[in-house]
Each structure stands twice: as C-alpha cells, then as structure tokens.
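Visitor: I should like to take a close look at a single part of this structure. Please explain how one helix is set among its surroundings.

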Amino acid sequence: MTIDNAQVATFAAGCFWGVEHIFLKQWPIKEDKGILKTAVGYTGGKENATNPDYKTVCTGSTDHAEALQIEFDPSKVTYDELVEYFYRTHDPTRVNRQGGDTGTQYRSAIFYHTPEQESIARRVTEEVQKKHFDPIGKKIVTSIEPVRQWWNAEEYHQEYLFKNPSGYQCPTHKLHW
C-alpha cells in the first residue's frame, strides 16, 4: 500500500534481519498500524562502493551499514515514535557492534531524509540519552547523518526472520525499556 503523504525512515542498528523483524512485530503491515513497507539494504558507505552485496559489505571495505528502510504513514505512526523505538531495540552505546556482531556494517545510525527528520532525530536522541543512558553512565554513539544512496539487499535477506523463524537474531534486538 502506498499513500500520498508517506514518508521514509532509515535506521541501522546491527544485523538488518533483527531490525526489520522487531519493527514489523510492533507495526505489522497487515494490521495497518503505520508501517506500509520495509526493505533491508546497504547505505552510508564510501561513495565509490556502489551496488554492494552482502559478502562485500561484510568485509568492511565498503563502510556501508546494514540498514532498514521503512515507508510509513505519519498519520498513524510518527517519525518521533520510530526513532524512540529504534533506540529501545538495540544498544546504541557500542561503536560498530551489536552483540557478537562487529564491524562498520553493524553500527548504530539514523539516516535522515529531511531537515525535519534530522531535527527530530537529534531531539529524541537527547531525550533518550538523558532519560535512559545518563542514569547508567553510558553515552549514545549513534551517528545521525543524511541518507545517501540506498541499495536493497539480496531478496533472501528481505523479511528473513519471518521466512526463517529459527534464523540468527542478534541478542540486542529486543525491547530494552
């Protein structure tokens, strides 16, 4: 389903299988709660690292992140809500790491599409830092940067954990609060 006022959000929070899975469990497309469609893919790397594939991204040579792109209906779920949920579902205090997964492809990043998204991402990050991480003495290291070129991951990665329920899921992809 596509709507006229749909917006796009792009997040990286470790292995894209788990990121997509946890967002779609919260906002199932078929329940019309606001997420219209998702895709996992690669973004945020070197400009000359075009048309990357999973194997190449995993070498670390492209600097691309495994990321989730969400098309959403802002009248049903706001960008603020998506950003806060992004923080709830991984460890944003680890540089290039989620659980046992390490490398630039597993970094925590918000890729904004508009100046308004950038402003919201920065505000929500500050709020989450003060409320959830200052009390435990940790610092959010999530990068907030403009979205660049996007490449969809190979088809077998799309909705992977729905197709393979016993597949690998990073242990940090859970609700932390």
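Guide: The buried residues of helix α3 are covered by several elements, including β1 (7-13), α1 (16-26), β3 (65-72), β6 (108-112) and α4 (115-133). Here, buried means under 20% relative accessible area, exposed means over 50%, and partly exposed lies in between (1.4 Å probe, protein chains only). Helices (H or I, at least four residues) and strands (E, at least two) are DSSP runs, numbered from the N terminus.

The model is predicted: local features need pLDDT of at least 70, side-chain atom pairs count only at pLDDT 80 or more, and totals for chains, interfaces and linings use all residues. Residues are numbered from 1 along each chain as its sequence is written, and side-chain values use heavy atoms, with hydrogens and water left out.

Helix α3 spans residues 79-88, and its buried residues are Y79, L82, V83, Y85, F86 and Y87. Two of these names, Y79 and L82, return in the largest nonpolar core, which has 39 residues; together with F11, F23, I70 and I110 they touch the most other members. At least two residues of this core come from each of β1, α1, β2 (35-43), β3, α3, β6, α4 and α5 (160-163). A nonpolar core is a set of buried Ala, Val, Leu, Ile, Met, Phe, Trp, Tyr and Cys residues joined through side-chain atoms within 4.5 Å.

F23 shows how α3 is joined to its surroundings. Leaving aside neighbours within four places in sequence, F23 is in contact (heavy atoms within 4.5 Å) with F11, I35, L68, I70, L82, Y85, F86 and T89. Another core, of seven residues, lies apart from the one just described, and among its members are A12, A65, A67 and F111.

The pairing of α3 with α4 deserves separate attention. Their axes come within 9 Å and cross at roughly 45°. Axes are lines fitted to C-alpha atoms, for helices over the stretch in contact, and angles run from 0 to 180 degrees between N-to-C directions. The two helices α3 and α4 are therefore oblique to each other: angles under 35 degrees count as roughly parallel, over 145 as roughly antiparallel, 65 to 115 as roughly perpendicular and the rest as oblique. On the α3 side, the contact is made by Y79, D80, V83, E84 and Y87, and on the α4 side by Q117, I120, A121, R123, V124, T125 and V128. Y79, V83 and Y87 are thus found both in this contact and among the buried residues of α3.
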